[in-house]
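Hi,

Here is the structure I promised to send you. Have a look at it first, and then read on for what turned up.

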Amino acid sequence: MNQDSVVYLNGVFKPLSEAKISVLDRGFIFGDGVYEVVPVYCRRPFRMVQHLKRLENSLAAVGIPNPKSAAEWKTLFMEMVRQAPYEQQAVYLQITRGVAPRDHGFPHGVTPTVFMMVNPLKTPTPEQIEQGVACVSAEDFRWHRCDIKSISLLGNVLLRQVSVEAEATETVLFRDGFLTEASSSNILAVKKGVILAPPRDHLILPGISCEAVLEFASMLGIPVETRPVPREEVLTADELWLTSSGKEVLAVTMLDGKPVGDGSPGPVFKKMWAYFQTQK
Ligand SMILES: Cc1ncc(COP(=O)(O)O)c(C=O)c1O
């Protein structure tokens with residue numbers, strides 16, 4: 001993405017260099033907004049309906065009126081996809097509560113700010129797919145509404161930095177001894193051929209890729225147990241996977257410097273990865 005790339009801001013398509021908002025925007029002042037990232041393969045959005053539903057849920061949870069109908073969002077998405085110069089895209093959409101004098105309470109009569117941009121979609125490298133990736137773990141100190149796809153991402157940013165500094169791909173999070181997710185991915189464990197999935201409650205983002213993977217599991221006949229997963233079970237898992245719009249499904253083969261399973265992507269991962277490729 002460069003300065004001439006077309007972005008969408010409040011009803012107008014314009015070059016990135018000309019897209020400006022007020023410093024009083026509540027997204028800037030309070031992180032008061034929500035977002036979505038939709039992966040696009042060969043100019044076809046992956047699971048757009050589910051992304052729009054999650055957007056609606058996030059908006060409702062924070063009390064920002066949805067500025068567009070699902071049909072209007074789809075039209076806008078497809079226009080962004082059409083204008084972008086890449087085939088594989090990550091469409092970013094952000095809505096903030098709008099511009100108002102700084103005061104914590106919701107302002108009256110403001111119009112939400114709507115911003116969209118398209119970046120090239122970065123998926124795992126062939127080496128990452130074949131060898132898996134290393135992760136580190138940390139205590140999940142974020143708030144208790146991680147189910148909202150909020151732009152207030154300071155907790156996630158600080159937790160991701162832990163793995164950046166360890167030269168690892170992700171930070172796997174535990175809250176009170178139980179697996180939640182990673183700093184910008186969901187996480188699934190595999191033990192004796194069964195996928196163990198942390199409950200989709202307020203402590204994790206309901207990932208669209210994770211939902212897809214669990215659906216694919218049922219098609220492939222792989223059993224899934226959705227329940228709290230204690231740290232000990234993660235440390236002795238046969239396989240550990242990250243899922244996200246950018247990572248699709250990716251094997252974690254080292255955690256905190258120790259091998260996961262035999263230290264290479266496992267057979268269940270290989271089956272799932274291959275199936276995912278046919279569905280995107
Ligand atoms: C904290 C967190 N969990 C999970 C995910 C994965 O969600 P999705 O599969 O919808 O990309 C993300 C994606 O950005 C995330 O930020």
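How many residues surround the ligand, and which are the closest? There are 18 of them, and the closest are R54, E181, I208, S209 and S245. Please keep in mind that this is a predicted model.

**Around the ligand**

Let's begin with the polar atoms that face the ligand. A polar atom in the side chain of S245 sits 2.7 Å from a ligand oxygen. I208 takes part through its backbone instead: an N or O atom there is 2.9 Å from an oxygen atom of the ligand. K149 uses its side chain, where an N or O atom lies 3.2 Å from a ligand oxygen. How much of the ligand does the protein bury? On its own the ligand would expose 390 Å², and the protein buries 92% of that.

You may also want to know which parts of the fold the shell comes from. Three elements give two or more residues each: the strand β9 (178–182), the helix α6 (208–220) and the strand β13 (239–244). Sorted by class, the shell holds four nonpolar residues, 10 polar ones and four charged ones.

**An enclosed space**

Next comes the search for empty space inside the protein. Rolling a probe the size of a water molecule over the atoms reveals where space is left empty. Across the whole structure, one cavity of 30 Å³ or more was found. The largest cavity contains about 30 Å³ of space.

Which residues line the largest cavity? They are D238, E239, L240, A251, V252, T253, V260, S264, P265 and G266. Two strands, β13 and β14 (248–255), each supply at least two residues of this lining, and β14 gives the most, with three. You have already met β13, as it also gives residues to the shell around the ligand. The lining of the largest cavity is made up of five nonpolar, three polar and two charged residues.

**Charged pairs**

Side chains with opposite charges can pair when their charged atoms come close. How many salt bridges does a search of the whole structure find? It finds 15. One to look up is the pair of R97 and D32, whose closest N and O atoms are 2.6 Å apart. This pair links distant parts of the chain, with the two positions 65 residues apart in numbering. R97 belongs to the loop between β5 (89–96) and β6 (113–120), while D32 belongs to the loop between α1 (26–30) and β3 (33–41).

Enjoy exploring it!

Best wishes

Terms used: Residues numbered from 1 in each chain as written. Predicted model: local features only at pLDDT ≥ 70, side-chain atom pairs only at ≥ 80, totals over all residues. Heavy atoms only, no water. Near = heavy atom within 4 Å. Polar contact = N/O pair within 3.5 Å; in protein donor to acceptor, adjacent residues only side chain to side chain. Areas by Shrake-Rupley, 256 points an atom, 1.4 Å probe, with all protein chains shown as cover. Helix = DSSP H or I, 4+ residues; strand = E, 2+ residues; numbered from the N terminus. Nonpolar A, V, L, I, M, F, W, Y, C, P; charged D, E, K, R; others polar. 1 Å grid on protein atoms, 1.4 Å probe; cavity = no way out; pocket = protein on both sides within 12 Å on 5 of 7 lines; lining within 4 Å. Points joined across faces, edges and corners; volume = space filled by probe spheres on them. Salt bridge = Lys/Arg side-chain N within 4 Å of Asp/Glu carboxyl O.
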